[in-house]
Amino acid sequence: MYKNLKNKKIIISAGASGIGWSTAKLFLSRGATVYICDIDKKLINKTKKHPLNNKKLFSYECDASNENQVSTFFQQVSKKTKKIDALINNIGIAGPTGTIEKLKSKDWEQTLKVNVISHFYFSRLAIPMLKKNKNGTIINFSSTAGIFGFPLRSPYAASKWAVVGITKTMAMELGRFKIRVNAICPGTIKGDRMGRVIRDKAKFLKVSKKLVEKEFLSMTSLKNWIYEEDIGKMCCFLVSEDAERISGQIISVDGNTISMH
Ligand SMILES: NC(=O)c1ccc[n+]([C@@H]2O[C@H](COP(=O)([O-])OP(=O)(O)OC[C@H]3O[C@@H](n4cnc5c(N)ncnc54)[C@H](O)[C@@H]3O)[C@@H](O)[C@H]2O)c1
């Protein structure tokens, strides 16, 4: 089924851990070549030593919210390839937890810079490489917080709704170049990041972590955690030719979120 991912060339932002790394491993195991960047030097070095790194993985230290560093990353990638098949704009931080009156402007600004403007930095430089390929795809990472309101996480919700706007617009601008643009909205992913989100919410509300976790899982029809691999599988599908007529879509992988409170 995934024969058509063989030799595809994929760039993933913030790809050295979490969903990005899990997705990178899935693409590598299906024969693709993957170029990742991440702000965390230790994690980047760890990926370089990974057994799947068989000359098909290029890892580079880069702050996705720093335009010059993103440019340098692309200069390094372009020494290896002039064309790519996909850009996965995975970068996105959780941002602060709190009510509007309690949040700080600098945290708002940082969340929008990392979650929204960095997608612009990567897309701007990836589009010429996708155009050279005369075919390709961009996957932006939104969230279920880009579909619902998300109490105590207003900067994050604003950033993820912005990603929906960018996705719809890029799909319209790039369709005539055979470049498809979609967004994935992951739900509550089992892993370190949700652990931190649950801890911060429990602290803010002065309730137990168990209670917050139970509430998160109760917000979906399937009442279950989502796993990083579930998101990687959707990325593989969207990059594959099986998705060649899918563009401009906002696709949730979340067990069907019914509310966020
Ligand atoms: N984890 C979830 O439950 C969840 C839910 C919905 C949406 N998402 C979205 O999915 C995407 C990936 O989430 P995740 O949970 O894997 O993230 P994560 O918090 O686990 O971080 C992944 C990587 O991002 C890197 N990173 C952080 N800031 C960076 C920067 N400025 N430049 C480069 N790298 C940076 C980290 O070093 C880390 O390796 C994000 O866009 C996130 O908003 C995640």
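**The ligand shell and the parallel sheet**

Trainee: Which helices each supply at least two residues of the shell around the ligand?
Mentor: The model is a predicted one. Two helices meet the criterion of at least two shell residues each. They are α1 (18-29) and α6 (192-205).

Trainee: How many residues surround the ligand, and which are the closest?
Mentor: A residue counts here if its C-beta atom, placed from the backbone, lies within 6 Å of the ligand. The shell comprises 27 residues. The closest are A14, G18, A64, G92 and I189.

Trainee: How do the residues of that shell divide into nonpolar, polar and charged?
Mentor: The shell around the ligand contains residues of each of these classes. The division is 13 nonpolar, nine polar and five charged.

Trainee: In what order do the strands of the open sheet stand, and which are the edge strands?
Mentor: The open sheet has seven strands with parallel pairing, in the order β3-β2-β1-β4-β5-β6-β7. An edge strand pairs on one side only, and this holds for β3 (57-61) and β7 (250-253). Neighbouring strands are turned against each other by 20° on average, direction ignored. The order is thus bounded by the edge strands β3 and β7.

Trainee: Which residue of β4 is the bridge partner of I11?
Mentor: Strand β1 (residues 9-12) pairs with strand β4 (residues 86-89) in the parallel sense, over three bridges. In β4, the partner of I11 is L87.

Trainee: What is the handedness of the unit made by β2, α2 and β3?
Mentor: β2 and β3 run parallel and are joined by five bridges; V34 has L57 in β3 as its bridge partner. Helix α2 (residues 41-48) lies across β2 (33-38) and β3, at about 165° to β3. The β-α-β unit of β2, α2 and β3 is right-handed.

Trainee: Across which strands does helix α4 lie?
Mentor: Helix α4 spans residues 105-133 and runs at about 165° to β4. The strands that α4 lies across are β1, β4, β5 (136-141) and β6 (179-186).

Trainee: Why is the protein described as being as compact as a globular protein of its length, and what is its radius of gyration?
Mentor: The protein has eight helices and seven strands. For 261 residues the globule rule gives 18 Å, and the computed value is close to this, so the protein is as compact as a globular protein of that length. The radius of gyration is 18 Å.

Conventions:
Residues are numbered from 1 along each chain as its sequence is written. This is a predicted model: local features need pLDDT of at least 70, side-chain atom pairs count only at pLDDT 80 or more; totals for chains, interfaces and linings use all residues. Helices (H or I, at least four residues) and strands (E, at least two) are DSSP runs, numbered from the N terminus. Ala, Val, Leu, Ile, Met, Phe, Trp, Tyr, Cys and Pro count as nonpolar, Asp, Glu, Lys and Arg as charged, and the others, Gly among them, as polar. Two strands pair if DSSP finds at least two bridges between them. Axes are lines fitted to C-alpha atoms, for helices over the stretch in contact, and angles run from 0 to 180 degrees between N-to-C directions. Two residues are in contact if their C-beta atoms, placed from the backbone, lie within 7 Å. A crossover is right-handed if, with the strands pointing away from the viewer, the path from the first strand over the helix to the second runs clockwise. The radius of gyration is taken over C-alpha atoms; the globule rule is 2.2 Å times the number of residues to the power 0.38.
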